[in-house]
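Grab a coffee and have a look at this one. Below are a few exercises to work through with the sequence and structure open.

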Amino acid sequence: MKHYSILEYARFRWFKAAVVLSLLAAAAYLWHDPPIKPYGGTWLGYTLGTIGALLILWLLWYGVRKRRYRSTSGTVQGWLSAHVYLGTALVVIVTLHTGFELGANVHTLAYILMLLVVLSGMYGVFVYLRVPRAMTENLGEDSLDALILRVGDLDRDMRARAMGLPDDLLALIDRSVSDTRLGGSFMRLVTGIDRGCPTAHAVRAWPGMARKLTGASARLDKEVYGLLLQKHQMLERARRDLKHKAILDLWLYFHVPLAFMLLAALVVHVVSVFIYW
Amino acid sequence: MKILVTTKVGRGQVRKTVSGDWLRVGRNTSCEIHLPDPRVPLEQGMIVYRDGLVYMEGEAGSQVITRRSVRSERMHYGEPLAVGPYRIEMTPPPPGFDAALRVELVHPLEAAPALAARASELTLGSLGLTKRWAAWLWALAVLLIFLVVPMGRVLDLPWRGASQTALFGDKFWNPGPVTLAHQPIEPKCSACHEMAFQHVKDRACLECHKNIGHHVGPEMKPAAMFEGARCATCHREHKGVKATHRDDDRFCVSCHQDLKSHAAGATAARVSDFARDHPAFRVTLDEDGGKRRVRQGDAPVAQQTHLKFPHATHLDPKGVKSPVQGRIRLDCSNCHKPDASKRGFEPISMPRQCQECHTLQFEPAVTTREVPHGKVADALTVIEEFYANLALKGTPDSFQKAFGVPGEGLLRRVGDPSPAERQNALALASRKARQVGADLVEVRVCKTCHEIASVKSAQSTEWKVAPVRQNMSFMPHARFDHQAHRQTKCASCHDVQSSKSSADVAMPTIKACRECHGGSRPIEGKVMSNCLLCHGFHDATHPWNPNPARPVTKVAEATHAR
């Protein structure tokens, strides 16, 4: 079965809806003859503003709908597809609502927040289209848990074998086994890089230290170093996976709070406009 | 010799037979006693046979144990040695062996926690990053700073005082700049926005704009005509510094293109665009019965002036004869002087503009004196006094020229004049004065310009000069600025070159205006001209009545009920 992305959902149904909505708004804007100049307070301004506000509330409702697993109002994919496309159309509608009147005020604050929410959402779509493929390519048939278990096995094996190696090499292995970690900080998760990783350090330091070995020790060294490289490679894959997951998560840490800020700014905008009607 | 090494591994044990005089002890797999523990050096020590087993250990890091041993212990049964975490004990050898050793790990290494234990914080969420709290926090901050605090003042909430001094007051609610004239009151929202959740009332506007005129007079019943309209219906503030209304024809045309259906009593003709659809101008004439508006058309419009003034004669290209300057060519500016505003002109005044040529001399043979311009009686009095004076004091020369008979002033003669002589002199002077006065008024001077009626009675003749009507405003409702049109010749609009009568109204027709002025749409070579270029909406001749019997607008009604 071919995989359809949320963008293609129901043969671009929501894309078409968004285009129609935007074109209708643009046509109305061009046709409209405002009393002095286009702005939010003309009848068209109020109409576009109302549509925009209702759209914002509906887009926010997606956060509720996607958690309602038993809901039967459409599929979550459908909702997401509509969320993405109508969220994009929102920019057109709200921009026309402003009549391109911007300034240092709460109304423009709401507008900018709306833009930021939509932009972060667009970035989210981009991430959702790009990252899962990279995740599959990175992990293949493995899972993160399996990788971690296999690293544990490697650790035991590596340590047992390393007993026969000189102290400095054993110390490298020992630190790799006992101090290597995954995640634990924002930067490590988002960049996928652990600057102090003892395993990476061991991989780098090993060749120089093992050069002096000969005979049986040298053979053992080759074995252990092979294991170390395997472990290092697995760690890199695990870290890349964590990075992918963090990136899939990260934009939401902007998208959601910004959306709530937008909701607040929208309330401020509407209430303040009608207080000073 | 043969040594049996028994190593305890878990619950079982591993036996190993070693042949030789010595056994190496260490982590290395090549050691005969292999102690696989990271706490044990690669080669820890040796057990050698010297009349019994002796355990020896070298200096830390040195593998040359035999030469520089730091520990050397002879082994006895029942006295195990501690080697790192291990215990090595000599046991009685089973048959066939020379010695036996038992190795046991007594302090096992605590197993290093697996990677899984150090991989607990694998998601952003597990780091304590939060979407929900951030969302609520930011949202509340926005609500607090931009809504709750600022609305204290307008909604009269307990923190009213704070909201006036707060950094983030209601100034952030201002959606855009106000017009220049309103900028002094811009920081004070309540100057216009008096009540929360209510439209700005007309009252707020009229606080300053007291003298604003209504669009139509009371006879047109403006209350019904503009029902529901507010100042803000047309005037939108916060839309830039230039204007509060749109400078185009939309508002005007919406009614005036079919005015009758909006106002039955309206006399204005339908109009939708100056260039394409605008009626001929109406000229306001000042007549005996009052003002009268006449639409320009095919027939020339005449304004009754009671003045004889042919523009054609005065603008004769050959010039006119001036008693002072000889023959001169006049142009418009010789007589028509701009007023202080430069938009219009000063009224024509006889002494200023006419009298230099049209002198009011009455006895030029004797004097350059002129009668005053004004009442006929005053002029006649001056004449009478002049001749009386001449009859009394005149030199023989003047006397001869004035009266046409030889003689001299009565008082110049020697001796007191007799009563008969007095009578004669007075009669002479009076007769001459009457004769000159009649000639001045009816023939020579006044009649030149004025319409004069003579009322004859038995004793005397009285003259009535028809009052001159000088109409200074033929189009009082039009905004016209002569200064703005100064690059144009007067004659382009006012055709007086061939006018033989002062009754000719030389106001330009719409055709003349249209040569330069287009309509509401841009046309090449024409000035785009909308209604408000020439017309005003608020007509000062219909003052806005702040206390009408029936309020002007619905909103105003609510306002005045308070």
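What follows is a pair of exercises with worked solutions.

This is a predicted model, with local features needing pLDDT of at least 70, side-chain atom pairs counting only at pLDDT 80 or more, and totals for chains, interfaces and linings using all residues. Residues are numbered from 1 along each chain as its sequence is written, chains are lettered from A in the order in which they are written, and side-chain values use heavy atoms, with hydrogens and water left out.

**Exercise 1.** Work out whether B:Thr284 is buried or exposed.

Solution.
- Step 1: find B:Thr284 in strand E11 of chain B, residues 282–287 (strands are DSSP runs of at least two E residues, helices of at least four H or I, numbered from the N terminus).
- Step 2: check its relative accessible area, which is 8%.
- Step 3: compare with the cut-off: buried means under 20%, with a 1.4 Å probe and protein chains only. So B:Thr284 is buried.

**Exercise 2.** Describe how chain B and chain A meet.

Solution.
- Step 1: take the area. The two chains bury about 5,100 Å² between them, 68% of it on carbon and sulfur atoms (the accessible area, 1.4 Å probe, lost on being put together, summed over both).
- Step 2: look for salt bridges (Lys or Arg side-chain nitrogen within 4 Å of an Asp or Glu carboxyl oxygen). The interface has 4, including A:Asp33 with B:Arg246 at 2.7 Å, N to O.
- Step 3: see what chain B brings. Helices H1 (132–148), H2 (151–154) and H7 (250–256) of chain B each supply at least two residues of the side touching chain A, and H1(B) gives the largest share, 9 residues.

Terms used
Buried means under 20% relative accessible area, exposed over 50%, partly exposed in between (1.4 Å probe, protein chains only).
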